[in-house]
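Trainee: Before we begin, could we go through the reasoning behind the labels for this model, one term at a time?
Mentor: Yes, let us look at it together.

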Amino acid sequence: MTPQALIELAKEAMHHAYAPYSGFQVGAALLCADGSVYQGCNIENAAYSPTNCAERTAFFRAVYDGHREFTALAVCGGKDGIITGFCPPCGVCRQVMREFCREDFSVYIAGPEGQYQTRTLAQLLPDSFTL
Ligand code: THU
């Protein structure tokens, strides 16, 4: 699957966001080693801290279904679902990625007008902690 195709699935997922507090909608699409794709959106909460990011929603859905090997993730986000800039994964999501992914795991961060940045997990979370 191309980065562009994965990004399209992240954009579709963004419109599933439950974001009544920030209005900032985020979508993610996670490519598993077997070629299957899991989409995720952010799910906010009135108490704020229980909010789950789009990336973690995608990972948790996939892990629940038995997946443990992952190739790439696309992410995008914007106020009211309009992408005006890049939306890199937060630190918590980076650590969740580290639990399941090698350092060469690819993250495609979509921006406006079809632009995207490519980062490896090693770039996003250097010297990271695993047991
Ligand atoms: N958010 C994500 O879903 N992923 C990120 O990587 C950054 C932030 C969500 C959390 C919250 O619902 C909203 O974006 C604003 O922070």
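Trainee: What makes the approach of a polar backbone atom of cysteine 90 to an oxygen atom of the ligand a polar contact?
Mentor: The two atoms are 3.1 Å apart, and a polar contact is a pair of N or O atoms within 3.5 Å, so this pair qualifies. The model is predicted, with local features needing pLDDT of at least 70 and side-chain atom pairs counting only at pLDDT 80 or more, while totals for chains, interfaces and linings use all residues. Residues are numbered from 1 along each chain as its sequence is written, and side-chain values use heavy atoms, leaving out hydrogens and water.

Trainee: Which distances do the side chains of glutamate 44 and glutamate 55 show to an oxygen atom of the ligand?
Mentor: For glutamate 44 a polar side-chain atom lies 2.5 Å from a ligand oxygen, and for glutamate 55 a side-chain N or O atom is 2.6 Å from one. The protein covers 77% of the 370 Å² of accessible area (Shrake-Rupley method, 1.4 Å probe) that the ligand has on its own.

Trainee: Why are Phe24 and Pro88 counted among the residues around the ligand?
Mentor: Being near means having a heavy atom within 4 Å of the molecule, and both belong to that shell, therefore each meets this limit.

Trainee: How many nonpolar, polar and charged residues does the shell around the ligand have?
Mentor: The shell has seven nonpolar, three polar and two charged residues, where Cys and Pro count as nonpolar and Glu as charged.

Note on methods:
A polar contact is a pair of N or O atoms within 3.5 Å; within protein, one must be able to donate a hydrogen and the other to accept it, and residues adjacent in sequence count only if both atoms are side-chain atoms.
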